[in-house]
Every structure is written in structure tokens, then in C-alpha cells.
Amino acid sequence: MNRTPPLGPRGPGRLALLVCVVLVGAAGCLYPGADVPYVQTPSDVVTEMLKLAGVKATDVVYDLGSGDGRIVIAAARDFGARGVGIEIDPGLVAYSRELAQKAGVADRVTFRSDDLFETNLSDATVVTLYLSYDMNQRLRPKLLRELRPGSRIVSHDFDMGPDWLPDQTIQVTWRDRKSYVFLWVVPPKS
Ligand SMILES: C[S@@+](CC[C@H](N)C(=O)[O-])C[C@H]1O[C@@H](n2cnc3c(N)ncnc32)[C@H](O)[C@@H]1O
């Protein structure tokens, strides 16, 4: 007897889809092995993050957990910077490369399918984050160890806890919602 094949992808792709369906509406799509789900930063907030970090053409902007690459692409397209996106989901990395090509910035941005905790950050001058409070806490020692003094970190909605208060906080209104953006400047090594 012939049986109709199941709909949708098989293997890991199917698993990702199932996790995504469970989380849609509440959060976003969680790729297997990812620490937080894929949720986009609205473009108005992206612009304010990059402005708050004072991004300029000489900067190298790393987005840790880069999703569809929008922050890195905006940094190159609108501020003339170079950018690196680190993203655990290889499908999102491939999509980011396509979008960078369309935006005409493929020569100034790089996207890598990697675990952000395993990525060396020493050539970044700006790091952007939209992760979670817990991940920011876990990342804090790595950021302080690997980034040069004077490097800037901006985070959408999540701060770093009471042990590292932001140098500046702004609120951004988009549609009928509000986001916070936090800025830290890496202090001199003690
Ligand atoms: C909330 S989304 C933010 C996407 C993008 N930065 C933005 O603001 O639009 C977080 C992203 O981090 C990725 N991610 C989660 N854990 C990761 C890890 N350990 N290493 C690299 N990427 C990770 C997820 O797949 C997701 O795309």
C-alpha cells in the first residue's frame, strides 16, 4: 500500500520546525543547540543601537547571535563599518549572506555559523547583543577579557546585572511598544 509522505522537512530541520511551532507567539524559533530563540530586533531599534554605540567607518561590529544579519548589515550599509555576525543556525547564516549581497555590503560583512561562546572577539570594537539576561551574565567575563578598553557593547532589552551597570540607557518606541537599549564602554584593564 502506498502511503502519503509526511509534510515538511525530515531530520534536524523537522525538529527545528517543531520547536518553532511550540514557541511561536510567545518567543520565537529555537534552533537545536541554541541558547535563546530567534527573535528579530525591529529596524528602528537597530538604528538606535548603532547610534548609541557611536558606530563609524573604522569600527568592526560583532553581533553575537546575529539572526538574519540585520544589525551587521545596517552597520555596514548605514554607518560604513565592517561587520561580523556569529550565528549558530546555518540556515540563518546563509540567509544573512543573501541579504548582505542584496544590500550591496557583502564585501564588508562576514557571517559565521559558530557558537558565540567559542568565538574570539579580540578584533571587535563594537559588540551588539539581543540574547537574554542569563546569557549576558555568562558572557560578561569573556567580553571584559577579550575586548580592548574603549570598545562599546550595546544590548537590546537585557542588561548585565548589578555588577556591571550600563554607562547609558535609552528607551526606543516602535509601533505601540517600547524597547530598552543599554550601552557599556569596556574599562581599562586593572
Ligand atoms: C533573539 S535572536 C537575535 C537576532 C539578531 N541579533 C537581532 O537582534 O535581530 C538570538 C539569536 O542568537 C542565536 N543563538 C542562540 N544561541 C547561540 C549560540 N550559543 N551561539 C550563536 N548563536 C546563538 C539564535 O539562533 C538567534 O538567531
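This passage describes confidence, core packing, one helix, one hairpin and a few individual residues in a predicted model.

It helps to begin with how far the prediction can be trusted. The protein chain has a mean pLDDT of 89, and 86% of its residues reach 70 or more. Two stretches fall below 50: residues 1–18, which have eight contacts in the model beyond near neighbours in sequence, and residues 21–26, for which the corresponding count is three.

Turning to the interior, the largest nonpolar core holds 22 residues. Within this core, the residues with the most contacts are Tyr62, Leu64, Val127, Leu129, Leu143, Leu147 and Ile153. Two or more core residues come from each of strand 1 (60–64), strand 2 (82–87), strand 4 (126–129), helix 5 (133–146) and strand 7. Leucine 143 offers a convenient view of the packing: leaving aside residues up to four places away in sequence, leucine 143 touches Leu121, Val127, Leu129, Ile153 and Met160. There is also a second core, separate from the largest one, with 19 residues, among them Leu52, Ala81, Trp174 and Val181.

Helix 5 also contains arginine 140. With a relative accessible area of 17%, arginine 140 counts as buried, because the cut-off for burial is under 20%. Its contacts, again not counting residues up to four places away in sequence, are with Met160, Asp163 and Trp164. Met160 is thus touched by arginine 140 and also by leucine 143.

Helix 4 (residues 90–103) lends itself to a simple geometric check. At 1.5 Å a residue, its 14 residues should span 20 Å, and the C-alpha atoms at its ends are indeed 20 Å apart, so expectation and model agree. The buried residues of helix 4 include Leu92, Val93, Ser96 and Ala100. These residues lie on the same side of helix 4, because they cover an arc of only 100° around the axis. The general geometry is familiar: an α-helix has 3.6 residues a turn, so residues three or four places apart point the same way. The buried residues of helix 4 pack against helix 3 (70–79), strand 2 and strand 3 (109–113). On the face turned away from this buried side, helix 4 carries the exposed residues Gln101 and Lys102.

Strand 6 (residues 168–174) and strand 7 (residues 177–185) are antiparallel partners, paired over seven bridges. One of the bridges joins glutamine 168 to leucine 183 in strand 7. The two strands form a hairpin with two residues between them. Trp174 and Val181, whose numbers fall within strand 6 and strand 7 respectively, are among the residues of the second core.

Backbone torsions add a last detail. Arginine 175, in the loop between strand 6 and strand 7, has a phi near 45°, a positive value in a residue other than glycine. Arginine 175 is exposed, since its relative accessibility of 78% lies over the 50% cut-off. Aspartate 157 likewise has a positive phi, of about 70°, although it is not a glycine. Aspartate 157 sits in the loop between strand 5 (152–156) and strand 6. With a relative accessible area of 29%, aspartate 157 is partly exposed.

Key:
Residues are numbered from 1 along each chain as its sequence is written. This is a predicted model: local features need pLDDT of at least 70, side-chain atom pairs count only at pLDDT 80 or more; totals for chains, interfaces and linings use all residues. Side-chain values use heavy atoms; hydrogens and water are left out. Two strands pair if DSSP finds at least two bridges between them. Helices (H or I, at least four residues) and strands (E, at least two) are DSSP runs, numbered from the N terminus. A nonpolar core is a set of buried Ala, Val, Leu, Ile, Met, Phe, Trp, Tyr and Cys residues joined through side-chain atoms within 4.5 Å. Buried means under 20% relative accessible area, exposed over 50%, partly exposed in between (1.4 Å probe, protein chains only). Contact means heavy atoms within 4.5 Å. pLDDT is the predictor's confidence in each residue, from 0 to 100. The expected span of a helix is 1.5 Å times one less than its number of residues. The arc is that of the directions from the helix axis to the C-beta atoms.
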